[in-house]
Amino acid sequence: MKKLGMVLLSLAAFGASAAESLQLDLNLYLNNQLVKTHAVKTEEDKTQTVTADDILKFDVTPTLNEQTVTLTSALYKFENGSYNKFQEPKLMVNLNEPATIEVGTEGVEVYKIEITASKI
């Protein structure tokens, strides 16, 4: 019985350490004006939040499958004193290749996020 417990504990420890460490390099724009640059170190399947004060909040969760990263995200724009969710884009991109999320109407508001994921 003790051996079974040790095997299960070893498997649990291995599973916990199997998550890949990633770096997300982010550039947030409003109407083609850079409002925030941010690099965040994270593990896959962990949500990270980047905020450009009183403009935009961006939640992103990276999931790695070999050399492809799936970015599940939510965009919140600042309106009437709080952040309100307005889009939930999801995209797939290869490691070390930039991806762009662009939402809005030119002449009104265009929110753009450039994101590059890399292993660390």
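This note sets out numbered points on the fold, the core, the strand pairing and selected side chains of a predicted model.

1. Overall make-up. The protein chain contains one helix and nine strands. Read from the N terminus, the order of elements is α-β-β-β-β-β-β-β-β-β, so a reader may begin at the helix and then follow the strands in turn. The chain has 120 residues, of which 34% count as buried. Among contacts between residues at least 6 apart in sequence, 38% join residues at least 24 apart.

2. The nonpolar core. The largest nonpolar core has 25 residues, and the members that touch the most others are Leu26, Leu28, Phe58 and Ile113. At least two core residues come from each of β1, β3 (48-52), β4, β5, β7 (90-94), β8 (99-105) and β9. Strand β1 gives the largest share, with five residues.

3. Isoleucine 113. This core member deserves a separate look. When neighbours within four places in sequence are set aside, isoleucine 113 is in contact with Leu26, Asn27, Leu28, Leu56, Phe58, Leu75, Ala99, Thr100 and Ile101. Three of these partners, Leu26, Leu28 and Phe58, are also named with Ile113 as the core residues that touch the most other members.

4. Strand β4 and its partners. Seven of the ten residues of β4 are buried, and the strand is therefore largely enclosed by the rest of the structure. Strand β4 pairs with β3 in the antiparallel sense over five bridges. Within that pairing, valine 50 has phenylalanine 58 of β4 as its bridge partner. Strand β4 also runs antiparallel to β5, and ten bridges join the two.

5. Threonine 61. What surrounds threonine 61 beyond its neighbours within four places in sequence? Its contacts there are Asp45, Lys46, Thr47, Thr70, Leu71 and Thr72. Threonine 61 lies in strand β4, which spans residues 56-65, and its bridge partner in β5 is threonine 72. The side chains of threonine 61 and threonine 47 are joined by a polar contact of 2.6 Å. The relative accessible area of threonine 61 is 17%; because this is under 20%, the residue counts as buried.

6. Positive phi values in the hairpins. The hairpin of β3 and β4 has three residues between the strands, and aspartate 54 in this hairpin takes a positive phi near 55°. The hairpin of β4 and β5 has two residues between the strands, and glutamate 66 there takes a positive phi near 60°. Glutamate 66 is a residue other than glycine. Its relative accessible area is 67%; because this is over 50%, glutamate 66 counts as exposed.

7. Asparagine 31. A positive phi of about 50° is also found at asparagine 31, although this residue is not a glycine. Asparagine 31 belongs to the loop between β1 (21-30) and β2 (33-43). With a relative accessible area of 36%, asparagine 31 is partly exposed.

8. Aromatic pairs. How many aromatic pairs does a search of the whole structure find? The search finds two. One is formed by phenylalanine 78 and tyrosine 83, which are edge-to-face with 5.0 Å centre to centre and 65° between the planes. Both rings belong to partly exposed residues, at 28% relative accessibility for phenylalanine 78 and 25% for tyrosine 83. The other pair joins phenylalanine 86 and tyrosine 111; their ring centres are 5.2 Å apart and their planes stand at 55°, so this pair is tilted. Phenylalanine 86 lies in strand β6 (residues 82-87) and tyrosine 111 in strand β9 (residues 109-119), so the pair ties together parts that are 25 residues apart in sequence. Phenylalanine 86 is partly exposed at 22% relative accessibility, whereas tyrosine 111 is buried, with a relative accessible area of 4%.

9. Lysines over rings. Two lysines are to be noted with respect to aromatic rings. The charged end of lysine 77 sits over the ring of phenylalanine 86, at 5.0 Å from its centre. Phenylalanine 86 thus takes part both in this arrangement and in the tilted pair with tyrosine 111. Lysine 112 lies over the face of tyrosine 29, 4.9 Å from the ring centre.

Methods:
Residues numbered from 1 in each chain as written. Predicted model: local features only at pLDDT ≥ 70, side-chain atom pairs only at ≥ 80, totals over all residues. Heavy atoms only, no water. Helix = DSSP H or I, 4+ residues; strand = E, 2+ residues; numbered from the N terminus. Buried < 20%, exposed > 50% of the residue type's maximum accessible area, 1.4 Å probe, protein only. Polar contact = N/O pair within 3.5 Å; in protein donor to acceptor, adjacent residues only side chain to side chain. Contact = heavy atoms within 4.5 Å. Phe/Tyr/Trp six-rings, centres within 6.5 Å; stacked < 30°, edge-to-face > 60°. Lys NZ or Arg CZ within 6 Å of the ring centre and 35° of its normal. Core = buried A, V, L, I, M, F, W, Y, C linked by side-chain atoms within 4.5 Å. Pairing = 2+ DSSP bridges.
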